[in-house]
Amino acid sequence: MRKRSAGPVGAVRRTGPGDGGRERGVVPAPAHGDWLTLGKDGRLSLYAPTDGGLLRWTETAVGGPAWSGPHFVPVQGLTDLTVVQGADTYVHFLGRRERERADGGTGVDVVHAIQYQTGLAFTEWRSLGNPHRDPAQGRALGRPVGAVAADGTVHVLVPDAHGGLALRREAPNGKWRAWEDLSGTGIDTPPATVSLAGGRVEVCAATASGVLLWCQAAPGGDFEGPRGLALRPVPGTVVALETGPERATFFWADAGTGGVGAWREGDWPVALGGAPTGEPCARLRTVVDGYDSVVLACRDRDGSAVLGVGGTENEAAGFWWYALGESCRGVPALARDGHGRVVMALIGGDGTPKVARQEAGSGLTLTRWRSLED
């Protein structure tokens, strides 16, 4: 794995009186990406954006059920926050930041920070700049997303002002390469990324006219594409999951059927049903009742959380959806805890983070929802 220097650390403090909405950990909406993560020590952490920074909760013991937090991590000017975790368990935070320029205008850049160990401080927030030199074009920069390759190399991708896709990634020596133009057209929402166990990264972006796919021919190599695919996802809803050796399955909210769709190279698209909003699903590959399974979680059109499960790369045999009877804001999150149980997190209708955990020996039945503010 790539060695990193910890560098200066950012402040992390417990919220308290005088923090306004942070006092109770009220969250307007969840972060993007994998905002529920499992650390090397077996404890889960949950991250959510808030005014002036982000909040973090951490399990006090492996498997819970108690959590510490919220702890406040200050970072000014964030308009978007994405969380991504590598195989080394390091958690990366990518943000789109707006700040006032010396000339009175608004400057936009992408920022990055890392948490190396569960519950401890972050590195300093480092600016990765903006692929556009023109300030007006720079302000049109979209939300950044990330992918961490198997060797720890961080990739940052962001829709640019021209409807294309811009990439910035680390070099083998740990320094950052210059911004790269991956081309493309009609991209105005963040792409889906997947880091394959063999070291390659794949990227998929939806447009109004179809889907664009970029693939690395070899780990650390250049991205080939984009290649156009005749699929009809709602832009901004595509997610990806490695479901076989060096093979990704893409899931999305289908613009034609209104349900969830799935596709992977060499197969036909499959309709999975469900009734998602125009948002992506959380996704997780795990074993349920002895079967290799894919679990999806999303918010339905009524604003309530739903959970779906089906056989890995066997979607045509059936995909089952379960209403959970819990209202939520935005996209839920899925992870396995330190005992291998599925854990689902969401931001409740009142802005409070909640979690439910897979009950032992019961398929995918979840426990009652536990508020992290209890």
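Tutor: Start with a term. Two strands count as paired if DSSP finds at least two bridges between them. Keep in mind that the model is predicted.

Student: How many residues join strand 18 to strand 19 in their hairpin?

Tutor: The link has 2 residues. Strand 19 covers residues 210-216, and its pairing with strand 18 is antiparallel.

Student: What makes strand 18 and strand 19 a pair?

Tutor: The count of bridges. DSSP must find at least two. Strand 18 and strand 19 have 6 bridges, so the pair passes the cut-off. One of the matched positions is Glu202, whose bridge partner in strand 19 is Cys215.

Student: Which strand pairs with strand 18 over 4 bridges?

Tutor: Strand 17, residues 192-195, and the sense is antiparallel. Thr193 has Val203 of strand 18 as its bridge partner. These two strands also form a hairpin, with 5 residues between them. There, Gly199 takes a positive phi near 115°.

Student: Why is strand 18 called largely enclosed?

Tutor: Buried means under 20% relative accessible area. In strand 18, residues 201-207, 7 of the 7 residues are buried, so the rest of the structure largely encloses it.

Student: Which residues cover each side of strand 18?

Tutor: Val201, Val203, Ala205 and Thr207 lie on one side. Glu202, Cys204 and Ala206 lie on the other. All are buried, so both faces are covered. The split follows a general pattern: in a regular strand, side chains alternate between the two faces of the sheet.

Student: What makes strand 29 largely enclosed?

Tutor: The burial count again. Strand 29 spans residues 342-348, and 7 of the 7 are buried, so the rest of the structure largely encloses it. Val342, Met344, Leu346 and Gly348 point one way. Val343, Ala345 and Ile347 point the other way.

Student: How do you know that strand 28 and strand 29 pair?

Tutor: The cut-off is at least two bridges. Strand 28, residues 319-336, and strand 29 share 6 bridges in the antiparallel sense. The test is met, so they pair. Cys328 stands opposite Gly348 of strand 29. The hairpin has 5 residues between the strands, and Gly340 has a positive phi near 85°.

Student: How many bridges link strand 29 and strand 30?

Tutor: There are 5, in the antiparallel sense, with strand 30 at residues 353-357. Ala345 has Val355 as its bridge partner there. The hairpin of strand 29 and strand 30 has 4 residues between the strands, and Gly351 in the turn has a positive phi of about 85°.

Student: What is the order of the strands in the open sheet?

Tutor: The order is 13-14-15-16, with antiparallel pairing. Strand 13 (145-148) and strand 16 (180-181) stand at the edges; each has a single partner strand, so one side of each lacks a neighbour in the sheet.

Student: What makes strand 15 and strand 16 a pair?

Tutor: They are joined by 2 bridges and run antiparallel. The cut-off is at least two, so the pair qualifies. Ala166 stands opposite Asp181 of strand 16.

Student: Is Arg133 buried or exposed?

Tutor: Exposed means over 50% relative accessible area. Arg133 has 86%, so it is exposed. Arg133 sits in the loop between strand 12 (126-129) and helix 1 (135-138).

Student: Why is Val270 called partly exposed?

Tutor: The class lies between the 20% and 50% cut-offs. Val270 has 22% relative accessibility, so it counts as partly exposed. Val270 belongs to strand 24, residues 270-273. Leaving aside neighbours within four places in sequence, the contacts of Val270 are Val260, Gly261, Ala262, Glu315 and Ala316.

Student: How do you know that the chain agrees with a compact globule?

Tutor: For 374 residues, a compact globule would have a radius of gyration near 21 Å; the chain has 20 Å, which agrees. The C-alpha trace spans about 60 × 55 × 40 Å along its principal axes.

Student: How many helices and strands does the chain have?

Tutor: There are 1 helix and 31 strands. Of the 374 residues, 55% count as buried. The accessible surface comes to about 15600 Å², with 49% of it on carbon and sulfur atoms.

Notes. Residues numbered from 1 in each chain as written. Predicted model: local features only at pLDDT ≥ 70, side-chain atom pairs only at ≥ 80, totals over all residues. Heavy atoms only, no water. Buried < 20%, exposed > 50% of the residue type's maximum accessible area, 1.4 Å probe, protein only. Rg over C-alpha atoms; globule rule 2.2 N^0.38 Å. Areas by Shrake-Rupley, 256 points an atom, 1.4 Å probe, with all protein chains shown as cover. Contact = heavy atoms within 4.5 Å.
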